[in-house]
Amino acid sequence: MSRIGKLPISLPAGVELSVSEDHVVTVKGKLGVLKQQIDEAVTIKVENQEIVLERASDEKDHRSKHGLYRALINNMVKGVSEGFHTVQELVGVGYKADAKGQILELALGFSHNVFFEIPEEIKIETVTERGKNPIIKMSSIDRQLLGQVAAKIRSLRKPEPYKGKGIKFQNEVLRRKAGKTAGKGK
């Protein structure tokens, strides 16, 4: 069996899970509602406040989907009960971030500011303190959407390997390179 797929998902208090006839899983919680279409090869059972997923056979395709849908449903349950958040940091002289509603305005050293539209499902906040790098905080119940938006923001100015200037995740460890003088042996 799939090591991930066979693990049961604990259902927190206040979270409801339902599966429709056309294989759409709906998870409702205190923070919102999420829906996910699943494959017919995976069946879902709720027993004693635990969700158990089972697959139809041991075919390679069914084994891979077993673990995939278990992980997706676990993220949905965690999202509607606790939520997800990510923190990004702008490293560089003159780099700024400002959130005006669902529009994120970024000054990243280009000749113009970059305007990035944030989906409605994501709450965004920017923090600018004197002497510290600007910070972008995002939170959402949808982990997949949050990660996709965070990666898109990071791709606007990836951290470069020499000085580390760019947009990085807060606890991200960057591989740094030595400059030109390190190559001279004399």
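**Salt bridges, the β1-β6-β5 sheet and two buried polar residues**

Glu105 counts as buried, at 16% relative accessibility (buried means under 20% relative accessible area, exposed over 50%, and partly exposed in between, with a 1.4 Å probe and protein chains only). Glu105 forms a salt bridge with Lys100, the closest N and O atoms being 3.0 Å apart; a salt bridge is a side-chain nitrogen of Lys or Arg within 4 Å of a carboxyl oxygen of Asp or Glu. The model is predicted: local features need pLDDT of at least 70 and side-chain atom pairs count only at pLDDT 80 or more, whereas totals for chains, interfaces and linings use all residues. Residues are numbered from 1 along each chain as its sequence is written, and side-chain values use heavy atoms, with hydrogens and water left out.

The secondary structure of the protein chain comprises 2 helices and 13 strands; these are DSSP runs numbered from the N terminus, with helices (H or I) of at least four residues and strands (E) of at least two. The radius of gyration of the chain is 21 Å, well over the 16 Å that the globule rule gives for 186 residues, so the chain is more spread out than a compact globule. This radius is taken over C-alpha atoms, and the globule rule is 2.2 Å times the number of residues to the power 0.38. Along its principal axes, the C-alpha trace spans about 65 × 45 × 25 Å. Of the 186 residues, 37% count as buried. Among contacts (heavy atoms within 4.5 Å) between residues at least 6 apart in sequence, 52% join residues at least 24 apart.

An open sheet is formed by 3 strands in the order β1-β6-β5, with antiparallel pairing. Strands β1 (9–10) and β5 (42–47) stand at the edges of this sheet, and because each has a single partner strand, one side of each is left without a neighbour in the sheet. Two strands are taken to pair if DSSP finds at least two bridges between them. Strand β1 and strand β6 (residues 50–55) pair in the antiparallel sense over 2 bridges. One residue of β6, Glu50, is the bridge partner of Ser10. The C-alpha atoms of Glu50 and Ser10 are separated by 4.5 Å, although the two residues are 40 residues apart along the chain. At 33% relative accessibility, Glu50 counts as partly exposed. Beyond its neighbours within four places in sequence, Glu50 is in contact with Pro8, Ile9, Ser10, Leu11 and Lys45.

Helix α1 lies across β1, β5 and β6, running at about 160° to β6. Axes here are lines fitted to C-alpha atoms, for helices over the stretch in contact, and angles run from 0 to 180 degrees between N-to-C directions. Ser81 belongs to this helix, which covers residues 60–81. With a relative accessible area of 12%, Ser81 is buried. A polar atom of the Ser81 side chain lies 2.9 Å from the backbone oxygen of Val77 and one lies 3.3 Å from the backbone oxygen of Lys78. For such polar contacts the cut-off is a pair of N or O atoms within 3.5 Å; within protein, one atom must be able to donate a hydrogen and the other to accept it, and residues adjacent in sequence count only if both atoms are side-chain atoms. With neighbours within four places in sequence left aside, Ser81 touches Pro12, Val15, Lys30 and Leu31.

A second buried polar residue, Gln88, has a relative accessible area of 0%. Gln88 lies in strand β7 (residues 84–91), and its side chain reaches the backbone oxygen of Ala150 at 2.8 Å. Outside its neighbours within four places in sequence, the contacts of Gln88 include Pro134, Ile135, Ile153, Arg154 and Phe169.

The structure holds 9 salt bridges. One of these joins Arg154 to Glu172, with the closest N and O atoms 2.7 Å apart. This pair links distant parts of the chain: Arg154 is in helix α2 (residues 143–155) and Glu172 is in the segment after β13 (166–169), 18 residues apart. Glu172 is partly exposed, with a relative accessible area of 24%. Asp58 forms a salt bridge with Arg55, the closest N and O atoms being 2.9 Å apart. Of these two residues, Asp58 counts as exposed at 56% relative accessibility, whereas Arg55 counts as buried at 15%. Salt bridges also link Asp39, Asp61 and Lys65 in a network.
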